[in-house]
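Reader: I've got the model open and I'd like to go through the labels people put on it. Can you show me what stands behind each one?

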Amino acid sequence: MFHSHSHYEVYFFHSGVCNYLIGDRIYVLAPGDLILMNGMTLHCAKIDPAVPYVRSMVHFEPGALQPLLPAHPQLPIFQPFQELGNYRLRLGGADREEVEHILRRMHEFEQRGDAVGAYRCQLAFADLLCLIYEHCLQPMQDRSDQPVEKERTVQQIISYLEAHYTEDLHLEQLQQDLHLSKYYVSKLFKEVTGVTIFDFVYQRRINQARIEFLLDPKLPVTEVCFKVGFKHLAHFSRVFKQQVGETPERYKRSLAGT
């Protein structure tokens, strides 16, 4: 079931088979994946009930932790949640072991049921947030390196595409609605994102199709095809296979376990 909440969340995947849906994205999880979440984004886990599903989740309000955190302004450990939004870290080796060790300590302290245990649990979580902040320094730097004006314009284009991706889009329509030259829009979008506008639209449509199938594997392929914005079933099937590696029909059967 999709849900949302007003606080931040740290989700760590220990084991199992899980597709995690956050907004319009699907994360195929591997053990050691850690996801930062802005709780207001709708999210849910689609698991294989035949395989033990083990995960740790911590919901928190930043204000409640503030007294425990370093007073140094150069260590803004909530910054990854604010700047990266919903973001996955893939951790392995010693990094994964360290996170699992911290989570075990948090669980042990919480189980004590006394004030000292509760305080030490919070301190351990503050340490986990410091570790997350350290791993997010490079991703945050990569984002800040983008030219601000270009990034804003591309974000405007992405917001428009998000609102209209199920429609019959044309560059002339973007030019008219965004008041930007279609040639400039195409060039800038490719420069900043690395993909063309229509590659982005097709990927968004296929992501949504996968979400539709995950939520209801019984939906007819044709219905999903038209629902996400494709006009021709053959085109939908071809793009779906290019991106997912199998046809929509086969993808549906794999979800149903047949």
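Author: Sure. Let's begin with a cut-off: a residue is buried when its relative accessible area is under 20%. By that rule, 40% of the 258 residues of the chain count as buried. Keep in mind that this is a predicted model.

Reader: What else describes the chain as a whole?

Author: The secondary structure comes to eleven helices and seven strands, and the C-alpha trace spans about 60 × 50 × 30 Å along its principal axes. Among contacts with a separation of 6 or more, 69% join residues 24 or more positions apart.

Reader: Why is Leu 34 called buried?

Author: Its relative accessible area is 1%, and the cut-off is under 20%, so Leu 34 counts as buried. Leu 34 sits in strand S4, residues 33–38. Leaving out residues up to four places away in sequence, Leu 34 touches several residues, including Val 10, Phe 12, Tyr 87, Leu 89, Val 99 and Ile 132. The C-alpha atoms of Leu 34 and Arg 90 are 6.4 Å apart, with their positions 56 residues apart along the chain.

Reader: How do you know that Cys 18 is in no disulfide?

Author: A disulfide needs two cysteine sulfur atoms within 2.5 Å. For Cys 18 the nearest cysteine sulfur belongs to Cys 44, and that is 8.7 Å away. The search of the whole structure finds zero disulfides.

Reader: And are Cys 18 and Cys 225 buried or exposed?

Author: Cys 18 has 2% relative accessibility, so it counts as buried. Cys 225 comes out at 0%, so that residue counts as buried too.

Reader: What makes H6 roughly perpendicular to H7?

Author: Helix H6 (residues 171–178) and helix H7 (residues 182–193) pack at about 100°, with axes 8 Å apart. Angles from 65 to 115 degrees count as roughly perpendicular, so the label fits this pair. On the H6 side the contact is made by Leu 171, Glu 172, Leu 174 and Gln 175, and on the H7 side by Lys 182, Val 185 and Ser 186. Those residues divide into three nonpolar, two polar and two charged.

Reader: Last one: how do you know that the buried residues of H11 line one face of the helix?

Author: In H11 (residues 248–256), the buried residues are Pro 248, Tyr 251 and Lys 252. Looking down the axis of H11, they fall within an arc of 100°, so they line one face. What covers them includes helices H8 (197–215), H9 (221–227) and H10 (233–244).

Notes
Residues are numbered from 1 along each chain as its sequence is written. This is a predicted model: local features need pLDDT of at least 70, side-chain atom pairs count only at pLDDT 80 or more; totals for chains, interfaces and linings use all residues. Side-chain values use heavy atoms; hydrogens and water are left out. Buried means under 20% relative accessible area, exposed over 50%, partly exposed in between (1.4 Å probe, protein chains only). Axes are lines fitted to C-alpha atoms, for helices over the stretch in contact, and angles run from 0 to 180 degrees between N-to-C directions. Helices (H or I, at least four residues) and strands (E, at least two) are DSSP runs, numbered from the N terminus. Angles under 35 degrees count as roughly parallel, over 145 as roughly antiparallel, 65 to 115 as roughly perpendicular and the rest as oblique. Contact means heavy atoms within 4.5 Å. Ala, Val, Leu, Ile, Met, Phe, Trp, Tyr, Cys and Pro count as nonpolar, Asp, Glu, Lys and Arg as charged, and the others, Gly among them, as polar. The arc is that of the directions from the helix axis to the C-beta atoms.
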